[in-house]
Amino acid sequence: MLDNNTVAHSIVTRAEAMPTPQHISLNKIRKSKDGLELEVDLIAELTGDGLVKSGVVQPNVPGFGAFELLCDEGSSIGGADTAPAPLSYLAAGIGFCLLTHVHGLAQSRKLNISSIKLEQKMKFQSKIPGMTAEEGSEMLGVSKGIETVIIIESQEDPSMIALLVEASEKACMALQTVVNAIPSSTTIINNGQKL
């Protein structure tokens, strides 16, 4: 990953390998009675300059490489606006994942589709004392929903297209992460000690 003296030339670059983590395990993909159990691992850090972060991310699926990503924030909240913000990556990930599922399912169903496009809006609410809320108030971030428009050009029966999109939404793990409650856990390591 980047150190404080590194000048980034690309926002996304191919990494040779996933770095060895200190506190999480990198597990191989496995099958269970419920399907494939896959993971996407991320090792990230602040680079020391403002709000720029660098990280290496890799799914544990064979044939998926590791990539180093840069992430920043907009200048209105103290970033330098040099790379996409975290919420931009989240929105793009959901949209790209859904497009993958629509395309893949259309191919498996042998549907004649000439183009697939997506327009998406994610809505959020932010309360950050001194930034988006009064000093002394509680810090809070809320997701307010996601709106997606899928534009398909096809000679297929419209009911087939509707079924295709419905099935794709159910299969899209990124979309399902935001539309369903999921378990989350955080462990804090402070000066080498677990809190």
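**Exercise 1.** Which side chain does the side chain of D72 join in a polar contact?

*Solution.* A quick note before we start: this is a predicted model, where local features need pLDDT of at least 70, side-chain atom pairs count only at pLDDT 80 or more, and totals for chains, interfaces and linings use all residues. Residues are numbered from 1 along each chain as its sequence is written, and side-chain values use heavy atoms, with hydrogens and water left out.

Step 1: find D72 in the loop between β6 (67-71) and α1 (86-108); strands are DSSP runs of E, at least two residues, and helices are runs of H or I, at least four, numbered from the N terminus.

Step 2: look across to T82, whose side chain is joined to that of D72 by a polar contact of 2.9 Å. Such a contact is a pair of N or O atoms within 3.5 Å; within protein, one must be able to donate a hydrogen and the other to accept it, and residues adjacent in sequence count only if both atoms are side-chain atoms.

**Exercise 2.** Work out whether D72 is buried or exposed, and look for a side chain of opposite charge.

*Solution.* Step 1: D72 is buried, meaning under 20% relative accessible area, while exposed is over 50% and partly exposed lies in between (1.4 Å probe, protein chains only).

Step 2: Lys and Arg count as positive, Asp and Glu as negative, and His and the chain ends are not counted. The nearest opposite charge to D72 is on K53, 5.3 Å away.

Step 3: a salt bridge needs a side-chain nitrogen of Lys or Arg within 4 Å of a carboxyl oxygen of Asp or Glu, and D72 has none.

**Exercise 3.** Put D72 in the setting of the protein chain.

*Solution.* Of its 195 residues, 21% count as buried. The chain has 3 helices and 10 strands, and its C-alpha atoms fill a box of roughly 60 × 40 × 35 Å along the principal axes.
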